[in-house]
Structure formats: structure tokens, C-alpha cells
Amino acid sequence: MRILVLGAGGTGGYFGGRMAQAGLDVTFLVRPERAKVLDDKGLVILSPLGDATVQVKHVTADTVSETGAFDLVLLSCKAYDLHAAMEAIDPAVGDTTVILPILNGLAHYPVLDKRFGPDRVLGGLCVISAAKGPHGEIIHFGNGASVTFGERDGQLHDDRCAAIADVFAAAKLDHTHSSDIQRDLWAKFSFLTTLAATTCLFRASVGDIVATDDGRVLIERTYEECLAIARASGHAVPDNARAFAWKTLTQQDSPLTASMLRDLESGQRIESDHIIGDMLRRARDAGIAAPLLEVAFAHLQAFDVRRARESRAP
């Protein structure tokens with residue numbers, strides 16, 4: 001299987017790097033400056049699961065058309081880069097190419113479907129805490145690194161997901177071939193929206209929030225808003241996923257924050273519209289009151305307005 005990984009940052013770099021480390025046919029689609037780093041240093045992974053330095057194949061947007069169509073495209077960009085990412089991978093998508101997006105949220109699916117057709121786009125999500133370090137290395141912060149994927153219509157489609165599972169198994173990557181990927185996507189979407197909304201709103205970790213007088217109940221109310229929206233969508237979050245999320249969202253002394261907060265605090269662009277904004281729009285479409293999501297989203301919109309104004313200042 002020929003695999004194209006968009007980007008070699010924290011997420012794509014880790015999963016694609018592990019596949020390359022296992023000797024699989026992986027090519028990274030990267031910007032020219034990232035290509036130079038890969039040429040000079042290779043793809044460096046620093047992880048509790050094992051460090052690695054791998055020489056990897058790579059192309060840029062100017063040269064990807066020379067490689068022909070790939071069997072699998074692993075899409076791991078930020079939501080605000082989705083349109084540029086689609087333009088970049090387009091020459092690599094053929095009649096039988098499968099696209100596996102592991103972006104956060106759900107808003108990217110209609111966009112990808114319109115561009116490439118729903119039959120080419122799988123459902124996917126990942127669980128990992130990783131980032132690109134100051135010298136281009138991939139820093140994996142935790143022990144977990146997993147991918148969950150499946151057919152969004154629940155059909156087999158020539159066992160292509162089974163073939164992808166074999167690829168992940170060969171790379172010794174933790175993976176789940178889901179029989180109900182919509183359920184799994186909504187379980188993560190509900191959890192992540194709550195985590196991002198609350199840690200960004202309070203500018204604090206889960207442990208710091210629950211240490212306040214009302215923090216725990218405010219997290220609970222935010223999560224209940226998201227769960228109600230999931231139910232209205234027809235994809236109620238199952239009991240085991242709710243129990244895990246609730247334990248994680250209310251753990252005392254937990255240092256956990258959303259990656260959105262880390263991006264916000266470092267002055268980078270954030271995915272607030274793609275995550276919290278999209279959840280809030282779904283609430284309004286369903287006639288569900290979501291006052292805490294409203295406050296969180298307005299807070300992040302104000303941050304975006306201020307950031308844009310400051311970027312224009314002389």
C-alpha cells in the first residue's frame with residue numbers, strides 16, 4: 001500500500017514516522033522548509049514508546065503530481081488549513097484512493113465529501129499528545145498514541161479498512177477498526193469540545209478548574225450540553241465513553257488541558273470555530289440551549305478579533 005501523509009508535524013509525523021520506521025511505503029507531503037529539515041536530519045521522534053530517527057521520502061506541493069495516485073492519504077492538518085490541504089493532496093488522489101482524516105471535530109467531512117466524494121472519505125480520529133519541537137523533532141508527550149477509523153456508512157467497501165488495519169498493525173500502532181465510527185466520532189467530539197471550552201475559558205488545567213468552588217459543576221454542565229447535542233444528532237454517546245470522559249474531565253490535580261489552550265497561549269491560530277462553534281451551531285439547529293458553549297465561543301471569538309487586530313498593528 002502506497003501511503004501519503006500530509007505534513008510531518010506532531011500528529012502526522014508520529015504516525016507516519018512509525019509506519020516509515022516499519023519499512024512501509026510512506027511519503028510525506030511537506031512544505032519546502034520542512035523538506036530541508038528532513039533531508040538534513042531525517043524524521044526524529046522522541047517518545048516514551050521509543051525514540052527513532054528515520055530517513056523518509058517526501059514531496060512538496062510542486063512535486064506531488066509526479067508521484068501518481070496513492071492508495072491511502074492520511075490527513076492530519078489543522079482545521080483552518082483544510083482548504084490548502086485539499087489543494088495539496090488533490091494530484092495524489094486517484095479513482096481508488098482512500099482519504100483518512102484524523103482532524104478534530106466533524107465540520108471537515110462535508111467539505112471533503114464535496115471535493116473528493118463521500119465514498120473516498122473514511123471516518124477517523126486519533127488520540128495523541130505530540131508536537132513539533134524547536135529543531136523539527138516530533139515530541140510525543142504521553143504513552144498513548146492511537147487511531148480509530150471506519151466506514152461512515154457501516155459497509156465493507158471491498159475490505160479497505162481491513163487492509164488499513166493491517167498497515168497499522170505492521171507499524172505496531174495502536175488502532176481500532178470501528179464498526180460504528182459515527183458513534184466514536186461523536187464521543188470524542190463531545191469530550192474534546194468540553195475540554196477545549198472549559199480549559200480555554202478558565203485558562204487553566206482540569207485540576208485547577210475542579211479545585212475551584214464551582215469548576216466541577218461548570219464542566220459537568222458544559223459536557224451535558226454536548227451530550228444533549230449528540231443525542232439530538234442521533235449518535236448518543238455510550239455509557240462507557242461518558243464514564244471515561246467524566247473521570248478525565250474532573251480528575252483532581254490533573255494537568256490536562258486542550259491543545260487549543262496551548263495554541264491560544266502561544267499566540268497561534270486556534271480551531272475554535274471548527275470545534276466549539278460547530279457544536280454550538282448544531283445546538284441551535286436542534287433547538288437546544290447551550291449557554292456555556294455560547295460564553296466559551298464568544299470568549300474565543302474575542303481572542304481571534306484581538307489577535308487579528310494586533311497582527312495588523314504597525
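1. Let's start with R183. In this predicted model, R183 has a relative accessible area of 30%, so this residue counts as partly exposed. Its side chain meets that of D184 in a salt bridge, with N and O 3.2 Å apart.

2. That pair has company: the structure holds 14 salt bridges. Why do such pairs form? Side chains of opposite charge can pair when their charged atoms come close. Some bridges share partners, and in that way E87, D90 and R115 are joined into one network.

3. Now look at helix α2, residues 32-41. D40 and K36 sit 4 residues apart there, which means about one helical turn lies between them. Their side chains meet in a salt bridge (3.0 Å, N to O). Are these two buried or exposed? D40 is exposed, at 53% relative accessible area, and K36 is exposed too, at 52%.

4. Next, try finding D263 and K78, whose side chains form a salt bridge at 3.1 Å, N to O. This pair links distant parts of the chain, 185 residues apart: D263 belongs to helix α10 (residues 259-265), while K78 is in the loop between β6 (70-75) and α3 (82-89). D263 is buried, with a relative accessible area of 12%, whereas K78 is partly exposed at 27%.

5. Finally, helix α1, residues 10-21. With 12 residues at 1.5 Å a residue, the helix should span 16 Å, and its end C-alpha atoms are indeed 16 Å apart, so the two agree. The helix is mostly covered, with 10 of its 12 residues buried; among them are Y14, F15, R18 and M19. After α1 comes G23, which has a positive phi, near 85°.

Methods: Residues are numbered from 1 along each chain as its sequence is written. This is a predicted model: local features need pLDDT of at least 70, side-chain atom pairs count only at pLDDT 80 or more; totals for chains, interfaces and linings use all residues. Side-chain values use heavy atoms; hydrogens and water are left out. Helices (H or I, at least four residues) and strands (E, at least two) are DSSP runs, numbered from the N terminus. The expected span of a helix is 1.5 Å times one less than its number of residues. Buried means under 20% relative accessible area, exposed over 50%, partly exposed in between (1.4 Å probe, protein chains only). A salt bridge is a side-chain nitrogen of Lys or Arg within 4 Å of a carboxyl oxygen of Asp or Glu.
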